[in-house]
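Subject: Structure handover

Hi,

Here is the structure I promised to pass on. Please open it alongside this note; my findings follow below.

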Amino acid sequence: MPIEKRPKAEAVEARKRPRSNQRKPTISIIGAGRLGTALALALAGRGYRIEAMVARRLSHARRAAALLRTGAPKAVSVTRLDLLPKSDLLLLTTPDDAIAPVAACLAETFGGKALKAGRRTALHCSGALSSDVLAPLVRVGFRVGSMHPLVSISEPLQGAALLLRGAFFCIEGDAMAVRAARAVVRDLEGRSFSIHGRDKALYHAAAVTASGHMVALFDIATEMLEGCGLDPRRARAVLLPLVRSTLENLSTQDAGRALTGTFARADVATVRNHLAALAKLPLRSAMEAYLLLGQRSLQLAGKNGADPAALEQIARMLSRARKNGP
């Protein structure tokens, strides 16, 4: 399948003004979960007509459709894809494992219907999969691609607001599908960039490391404060301002400059005390995270001019702690 020739992940800044004078494609969204519903709300707010919301359970599709106060989209069960309207654009927002089976079902559904070349487009919203997973739809006349919003959506209403705040979208696929995806991103007042389809898994691993793993790391830090006697809610409240200040630093400086604290200063005695305290905890993941991320922090501190002798001493301490194991 041809993909857009963009060997580098070059950012493409989108226009800030929606295309008010152009006809917007009609849309059906297959996957009425958090992402699908958030996208429906955001797109409806930008003048798109959402014709259908699809879910495994009809009740879930109806619930998502009810959130859209204009347009009254049809609620459809995924077992009755033959009831889908002939929308210009299909957005597949199902879990990754369901995309291929849904694409196959859609291809079977539309296989006997004549489609005008290039008039209908299907985009999936997976970060990890390339547009190749939609190959069955190519064979029945669809243009295909992927459009992954690089935001963390835990709830549809809040997620819709995030999608309208200059979110980045990773786009790839055939040329016409990429063009259609960029038009949608422009209307959401977002920004897009393109990568090769073969790089989607690495791209998504980076996103998980920056977002999902950050949540896991925060959870470990919360448990560490619980070991100091704080209850979980208080521990989160105490740590959140620190996390926000770190993100503020990262928004204006590179990682080396944004690094503060013990490793940035190469405080040997403090690291020694940290390791002794962590060794007493039953939470082994806290020690493992500290050791792994400590190595990277040492590299950043070294680039930023910290005392090489002190950094080397800390590196030896981390190595010994790793060899000692649980």
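Start with A266, which sits in the loop between α11 and α12. Its phi is positive, near 60 degrees, and A266 is not a glycine. Most residues other than glycine have a negative phi. Is A266 buried or exposed? A266 counts as buried, because its relative accessibility is 7% and the cut-off for buried is under 20%.

One caution before the rest: this is a predicted model.

E189 has a positive phi too, near 60 degrees, and is likewise a residue other than glycine. E189 belongs to the loop between α6 (175-187) and β9 (191-194). Its relative accessible area is 26%, so E189 is partly exposed. A266, by contrast, is buried.

The overall picture

The chain has 326 residues, and 42% of them are buried. Its secondary structure comes to 14 helices and 9 strands. Along the principal axes, the C-alpha atoms fill a box of roughly 70 × 45 × 35 Å. Take the contacts in the chain with a separation of 6 or more: 63% of them are between residues 24 or more positions apart.

The largest pocket

You will probably want this part for your own work. The largest pocket has a volume of about 2,000 Å³. How many residues line the largest pocket? The lining has 44 residues. Nearest the centre are L217, T246, L259, L293 and S297.

Several helices contribute to the lining. α7 (200-210), α8 (212-226), α9 (232-252) and α10 (255-258) each supply at least two residues. The same holds for α11, α12 and α13. Which helix gives the largest share? That is α13, with 10 residues of the lining.

Helix α14

α14 runs over residues 308-324, 17 residues in total. From its first C-alpha to its last, α14 reaches 25 Å. That is close to the 24 Å expected at 1.5 Å a residue.

The buried residues of α14 are A310, L311, I314, A315, M317, L318 and A321. They cover an arc of only 160 degrees around the axis, which means they lie on the same side of α14. What covers them includes α11 (262-265), α12 (268-279) and α13 (284-303). Two further points on these neighbours: A266 is in the loop between α11 and α12, and α13 also supplies 10 residues of the pocket lining.

Now turn α14 round. The face turned away from the buried side carries the exposed residues P308, A309, K323 and N324. A309 also appears in a contact at the start of the helix. There, a side-chain oxygen of D307 reaches to within 3.2 Å of the backbone nitrogen of A309.

Strand β4

Last item: S77, in strand β4 (residues 74-77). S77 has a relative accessible area of 13%, so S77 is buried. Which side chain does the side chain of S77 join in a polar contact of 2.9 Å? It is the side chain of T79. Leaving aside neighbours within four places in sequence, S77 is in contact with V54, A55, R56 and L58.

Where to look

For a quick tour, try the loop with A266, the loop with E189, the pocket centre around L217, T246, L259, L293 and S297, the buried side of α14, and S77 in β4.

Best wishes

Methods. Residues are numbered from 1 along each chain as its sequence is written. This is a predicted model: local features need pLDDT of at least 70, side-chain atom pairs count only at pLDDT 80 or more; totals for chains, interfaces and linings use all residues. Side-chain values use heavy atoms; hydrogens and water are left out. Helices (H or I, at least four residues) and strands (E, at least two) are DSSP runs, numbered from the N terminus. The expected span of a helix is 1.5 Å times one less than its number of residues. Buried means under 20% relative accessible area, exposed over 50%, partly exposed in between (1.4 Å probe, protein chains only). The arc is that of the directions from the helix axis to the C-beta atoms. Contact means heavy atoms within 4.5 Å. A polar contact is a pair of N or O atoms within 3.5 Å; within protein, one must be able to donate a hydrogen and the other to accept it, and residues adjacent in sequence count only if both atoms are side-chain atoms. On a 1 Å grid over the protein atoms alone, a cavity is a set of points where a 1.4 Å probe fits but cannot get out, and a pocket is an open set with protein on both sides within 12 Å along at least five of seven lines; lining residues have an atom within 4 Å of a point. Grid points are joined across faces, edges and corners, and a volume is the space filled by probe spheres set on the points.
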